[in-house]
Amino acid sequence: MAQFRFRFEKLLEYRTLQEKWAQDAHVEAMARQRECEQEIEALVRRRQEAMTAGTCGLEGRLALDGYLNRLSDEADEFRAVLGVLESDVEKARNEWLKARQDKQAMEKLRESDLAEWQLEENRREQAELDEWAVMRRAS
């Protein structure tokens, strides 16, 4: 019995690699987004801690006000970066889904080719058995 050979096997392997790369890119984008979110959370915690700490005198309050303003500015910057990272995550997710869809299309083509090959192989085998039976009767 002959062995099945998918004519687009290399393309299927490449599509599988593309899907893996796209998935890795999506995971990396999500990790960067999560890191940014953690930075924002850390800044918010530091701001709350600074507000609960007691200050003495006008200079202490002015210093605290400056520190709180810097923390707020940093948090705003991270929020702006977070917006960009969220769009990167969405873009990476869409690319991953497209790569996955392309791979699945190739897998379906492979499955249909395999089914067709199996049907043809069964027909060929049946024809050989029929010929063998006829030859055996003749002798």
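What percentage of the 139 residues of the chain count as buried? In this predicted model, the figure is 19%.

The overall form was examined next. The chain holds two helices and zero strands. Its radius of gyration is 32 Å, well over the 14 Å that the globule rule gives for 139 residues, so the chain is more spread out than a compact globule. The box filled by the C-alpha atoms points to the dimensions: roughly 120 × 20 × 15 Å along the principal axes. The accessible surface amounts to about 10900 Å². Carbon and sulfur atoms account for 52% of that surface.

Contacts and charges were then considered across the whole chain. Among contacts between residues at least 6 apart in sequence, 86% join residues at least 24 apart. The chain carries 24 positive and 31 negative charges. The mean positions of these two sets are 3 Å apart.

Three residues of helix α1 illustrate the local picture. Helix α1 covers residues 9-52. E19, H26 and R47 are found in it.

E19 has a relative accessible area of 12%. The limit for a buried residue is under 20%, so E19 counts as buried. Leaving aside neighbours within four places in sequence, E19 is in contact with W96, A99, R100 and K103. With K103 there is also a polar contact: the two side chains are joined at 2.9 Å.

H26 is likewise buried, at 8% relative accessibility. Residues up to four places away in sequence again set aside, H26 touches V89, A92, R93 and W96. W96 thus appears in the contacts of E19 and in those of H26.

Is R47 buried, exposed or partly exposed? Its relative accessible area is 30%. Buried means under 20% and exposed means over 50%, so R47 is partly exposed. Beyond residues up to four places away in sequence, R47 touches L68, L71 and S72. One of these partners, L68, also takes part through its backbone: the side chain of R47 reaches the backbone oxygen of L68 at 3.5 Å. A further pair involves A75. R47 and A75 are 28 residues apart in sequence, and their C-alpha atoms lie 9.9 Å apart in space.

Definitions and conventions
Residues are numbered from 1 along each chain as its sequence is written. This is a predicted model: local features need pLDDT of at least 70, side-chain atom pairs count only at pLDDT 80 or more; totals for chains, interfaces and linings use all residues. Side-chain values use heavy atoms; hydrogens and water are left out. Helices (H or I, at least four residues) and strands (E, at least two) are DSSP runs, numbered from the N terminus. The radius of gyration is taken over C-alpha atoms; the globule rule is 2.2 Å times the number of residues to the power 0.38. Buried means under 20% relative accessible area, exposed over 50%, partly exposed in between (1.4 Å probe, protein chains only). Contact means heavy atoms within 4.5 Å. Accessible areas come from the Shrake-Rupley method with a 1.4 Å probe; for residues, only the protein chains shown count as cover. Lys and Arg count as positive and Asp and Glu as negative; His and the chain ends are not counted. The place of a charge is taken as NZ of Lys, CZ of Arg, CG of Asp or CD of Glu. A polar contact is a pair of N or O atoms within 3.5 Å; within protein, one must be able to donate a hydrogen and the other to accept it, and residues adjacent in sequence count only if both atoms are side-chain atoms.
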